[in-house]
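I opened this entry to keep track of what I looked up, one topic at a time.

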Amino acid sequence: MAAIEAEAVSKRYGTEVALDRVDLTVAEGETFGFLGPNGAGKSTFINLLLDFAKPTDGSASIFGNDCQGAGVAARDRIGVLPEGYSVFDRLTGRQHVEYAMDSKDVDGDPSQILDRVGILDDADRTASDYSKGMAQRLVLGMALVGEPDLLILDEPSTGLDPNGAAEMRAILEEENERGATVFFSSHILEQVEAVCDRVGILQNGELVAVDTIEGLRESLGGGTKLVITLDRLDDGTAERVRSVAGVETAVARDEATLEVTCTNDAKMDILVELHDAGVDVVNFRTEEASLEDMFIEYTGNR
Ligand SMILES: Nc1ncnc2c1ncn2[C@@H]1O[C@H](COP(=O)(O)OP(=O)(O)OP(=O)(O)O)[C@@H](O)[C@H]1O
């Protein structure tokens, strides 16, 4: 059975189309990254899954339970970190985790969770004194209570410093290894690239791509990136490279290095063009297109 199943889900706010007939299946045991530019509809989709909002059309289910009806039946099996979740100022971190344990009817020691998310030393301070990153860690800790079968996390790395983001990534990997399905939205593409089995890219409410990272690369014609070091580089040279058929972008990385994204077939033509321009190629190597390169290509956003 699918962990998440969305069938032609649409959401309109007045004339604003936040989601447009989104079909998506996330299998049990997957780690799925949900990407898209600001305003693409990621939070709207997550809010529909959590029954914080109703779809205008279509339906979504979690472990076979309709999110808008029998959703409650699935709720005990999921851990959530919703967008803009705020902590209770007067409760301590420990009390928050105790509250999550009570509401899920889970026994155990809150310290273990607080330690795992790195706030055990601050467990007995009230959450009003927490920094943004500490509050984010606390909410993640609450989501982890009861070893949920599915984690739904909206921008889990918000407010975290680089160490915090790395710890978050490790937790997502551990949860997945334990058997949980992990579904999260993120703007940190390196993190998504490192942990996700598949990604979905939303653009203006439409799911424009769903695939493995390798699959995305292939559907973008190989998505090759060339890094070319030249004896000299000026605007005219970059312009000539851009005019070669199959070249998507040609950007100067520094005064002698040109970074080019192109189809596989265009590589030779680029070298010929540089030769014709009278420019010497000092070094030439290919890199795989990163998820960031592909995101830009799918969404046209920098
Ligand atoms: N309650 C609401 N009322 C009206 N419009 C809304 C509401 N919630 C979202 N929208 C609109 O729906 C669209 C999608 O917003 P959403 O918050 O889902 O995007 P997002 O992909 O999560 O963006 P971000 O990366 O900035 O968090 C936007 O155009 C937004 O203005």
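**Backbone outliers, sheet and ligand shell**

I began with Arg21, which I found in strand β2, the run of residues 16–27. The model I am reading is a predicted one, and I kept that in mind throughout.

What drew me to Arg21 was its phi, a positive value of about 45 degrees although the residue is not a glycine. I noted the background for this: most residues other than glycine have a negative phi. I then asked how Arg21 counts, as buried, partly exposed or exposed. Arg21 counts as partly exposed because it has 15 C-beta neighbours inside 10 Å, and the partly exposed class lies between the limit of 12 or fewer for exposed and 20 or more for buried.

I next looked up Asp105, another residue other than glycine with a positive phi, here near 60 degrees. Asp105 sits in the loop between α3 (93–103) and α4 (110–116). With 8 other C-beta atoms within 10 Å, Asp105 is exposed.

**Sheet**

I traced an open sheet of six strands in the order β6-β7-β8-β3-β9-β10, and I recorded its pairing as mixed. At its edges I noted β6 (78–81) and β10 (206–211), each of which pairs on one side only. From one strand to the next, the twist averages 15 degrees.

Within this sheet I followed β7 (residues 150–154) and β8 (residues 181–185), which run parallel and are joined by five bridges. I also wrote down that Leu153 stands opposite Phe184 in β8.

**Helices across the strands**

I checked which strands α1 lies across, and I listed β3 (31–35), β7, β8 and β9 (198–203), with the helix running at about 145 degrees to β7. For α6 (residues 162–178) I listed β3, β7 and β8, and I noted an angle of about 150 degrees to β8.

**Ligand shell**

Which residues are around the ligand? I listed Tyr13, Glu16, Ala18, Gly36, Asn38, Gly39, Ala40, Gly41, Lys42, Ser43 and Thr44. Sorting this shell by class, I recorded three nonpolar, six polar and two charged residues.

I then asked which element supplies the largest share of the shell. That element is α1, with three residues, and both β2 and α1 (42–49) supply at least two residues each. I closed the entry by noting that α1, a contributor to the ligand shell, is also the helix that I had found lying across β3, β7, β8 and β9, while β2, the other such contributor, is the strand in which I had placed Arg21.

Note on methods
Residues numbered from 1 in each chain as written. Predicted model: local features only at pLDDT ≥ 70, side-chain atom pairs only at ≥ 80, totals over all residues. Helix = DSSP H or I, 4+ residues; strand = E, 2+ residues; numbered from the N terminus. Near = placed C-beta within 6 Å. Nonpolar A, V, L, I, M, F, W, Y, C, P; charged D, E, K, R; others polar. Pairing = 2+ DSSP bridges. Axes fitted to C-alpha atoms, helices over the stretch in contact; angles between N-to-C directions. Contact = placed C-beta atoms within 7 Å.
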